[in-house]
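Got a fold open in the viewer and want to talk it through? Let's go at it in questions and answers, from the overall build down to single residues.

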Amino acid sequence: MIRRCLDALQSQTIPSNEFEIIVVDNGSTDGTVEAALSVPGVTVLVEHRPGSYAARNRGLAHARGIYVAFTDADCLPAPDWLDMAIAAAGQHPDAGVLAGRINLFEEGGGEGPAFTDYERLFSFPQSFASRGNCATANWMSRRAIFDELGGFNEDLKSGGDREMALRIRAAGLPLIYVPEMTVHHPVRASRESLVRKRKRLSGGRWDRTTHPPRFARVLGVTLYDTVRRLRRAALTPELSIRRKVAVMRLTVELSLVAMLEYWRLFRGHGTARD
């Protein structure tokens, strides 16, 4: 996946001498480093501390540009991704974050439409960027902002993009949604991948929730989100009755996954990246 991501970045419509590509490896064992090193002009760094936010801070420390743009190794930025980001920066010079649209696509081999439907309904709500929903799969900011605010919280294994976005907003800088700034992201089309994601996100919420009673707070938020998602699935006109029921069943199943993960964390176990 990293090779096709880098191919997409090298195919950007802005001149190649106007941006640099930095890959930060964070303990991969699948040939990522070798694939990245095979692409001319790509800088490959290594961050030994586990966690994507530590890896992003490593890249930030090396970046030389006025702006930094983030995406993920499995993403495909559109050819005009950086062009649109730069245009948006000109229109919003005081923006803290420019959060672009994330289009989900299927790669085949999925376990059924319920998983794809669930992802399309509930993943990457970038249009609500002003609330802090700014995923680093498609994000651009002035590098100086990270210097001033201390970068991403490396103690978090999930949810650090939202935590960073909310700190930027608290500093008085707006979070702007830019639909023209597009990145394509593969859907998680299996139960296993969605369960792993839900456990990771639950761990991130647990780490960000510091006020007591912690367990009650995270359960309350999860129950509220579950009801909201069930309502949205039920009211989505594009889905048949059968597909609505399948998404609603999956929503309840993943909520139970989250609750069990909270119970595990409440008993003293640590959060995990995957």
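**Walking through the fold**

For a protein of 274 residues, a compact globule would come out with a radius of gyration near 19 Å, and this one agrees, at 19 Å. Keep in mind that we're looking at a predicted model.

Q: How many helices and strands are there in the protein?
A: For scale, the C-alpha trace spans about 50 × 40 × 40 Å along its principal axes. Inside that span, the secondary structure comes to 10 helices and seven strands.

Q: What is the order of the strands in the open sheet of five?
A: Let's build the sheet pair by pair. β3 pairs with β6, β6 is joined to β5, and β5 is joined to β7. Add β4, which pairs with β7, and the order reads β3-β6-β5-β7-β4.

Q: Which strands stand at the edges of that sheet?
A: The sheet is open, with mixed pairing. An edge strand here has a single partner, so one side of it is left without a neighbour in the sheet. That description goes to β3 (67-70) and β4.

Q: Do β5 and β7 run parallel or antiparallel?
A: Strand β5 covers residues 97-105, and nine bridges join it to β7. One of the matched pairs is V97 with L175 in β7. The two strands run parallel.

Q: Which residue of β6 is the bridge partner of L98?
A: On this side β5 meets strand β6 (residues 139-142), with two bridges and an antiparallel run. In β6, the partner of L98 is M140.

Q: How many bridges pair β3 with β6?
A: Y67 stands opposite R142 in β6. The two strands pair in the antiparallel sense, and the number of bridges is four.

Q: Which residue in β7 stands opposite P77?
A: Strand β4 is just residues 76-77, and it pairs with β7 (residues 175-186) in the antiparallel sense over two bridges. Opposite P77 you'll find V183.

Q: At about what angle to β7 does α4 run?
A: Helix α4 takes in residues 81-91 and lies across β3, β4, β5, β6 and β7. Relative to β7, its direction is at about 170°.

Q: Is α9 roughly parallel or roughly antiparallel to α10?
A: The axes of α9 and helix α10 (residues 241-266) come within 9 Å and cross at roughly 175°. Anything over 145 degrees counts as antiparallel in this scheme. That makes the α9 and α10 pair roughly antiparallel.

Q: How many nonpolar residues are in the contact of α9 with α10?
A: On the α9 side the contact includes F215, V218, L219 and L223, and on the α10 side V247, M248, W263 and F266 are among the residues. By class, the contact also has four polar and two charged residues, next to a nonpolar count of 15.

Q: Is α8 oblique or roughly perpendicular to α9?
A: Helix α8 (residues 191-208) and helix α9 (residues 214-235) have axes that come within 10 Å and cross at roughly 135°. The perpendicular class takes 65 to 115 degrees and the antiparallel one starts over 145. That makes α8, relative to α9, oblique.

Q: How many charged residues are in the contact of α8 with α9?
A: R198, R205, W206 and D207 in α8 meet a set in α9 that includes R214, D225 and R229. Those contact residues divide into four nonpolar and one polar, with the charged ones numbering six.

Q: How is α5 placed relative to α9, oblique or roughly perpendicular?
A: Helix α5 (residues 113-122) packs on α9 at an angle of about 110°, with the axes 11 Å apart. The window for perpendicular is 65 to 115 degrees. That makes α5, relative to α9, roughly perpendicular.

Q: Which residues of α5 make the contact with α9?
A: From α9 come R229, R232 and A233. By class the contact has four nonpolar, no polar and two charged residues. The α5 side supplies Y118, L121 and F122.

Q: Which residue does a cis peptide bond join to P213?
A: P213 has its place in the loop between α8 and α9. Omega of the cis bond is about -5°, and the residue joined to P213 is P212.

Q: What is phi of F124?
A: F124 is found in the loop between α5 and β6. Its phi is positive, in a residue other than glycine, with a value near 55°.

Conventions: Residues numbered from 1 in each chain as written. Predicted model: local features only at pLDDT ≥ 70, side-chain atom pairs only at ≥ 80, totals over all residues. Heavy atoms only, no water. Axes fitted to C-alpha atoms, helices over the stretch in contact; angles between N-to-C directions. Parallel < 35°, antiparallel > 145°, perpendicular 65-115°, else oblique. Contact = heavy atoms within 4.5 Å. Nonpolar A, V, L, I, M, F, W, Y, C, P; charged D, E, K, R; others polar. Pairing = 2+ DSSP bridges. Rg over C-alpha atoms; globule rule 2.2 N^0.38 Å.
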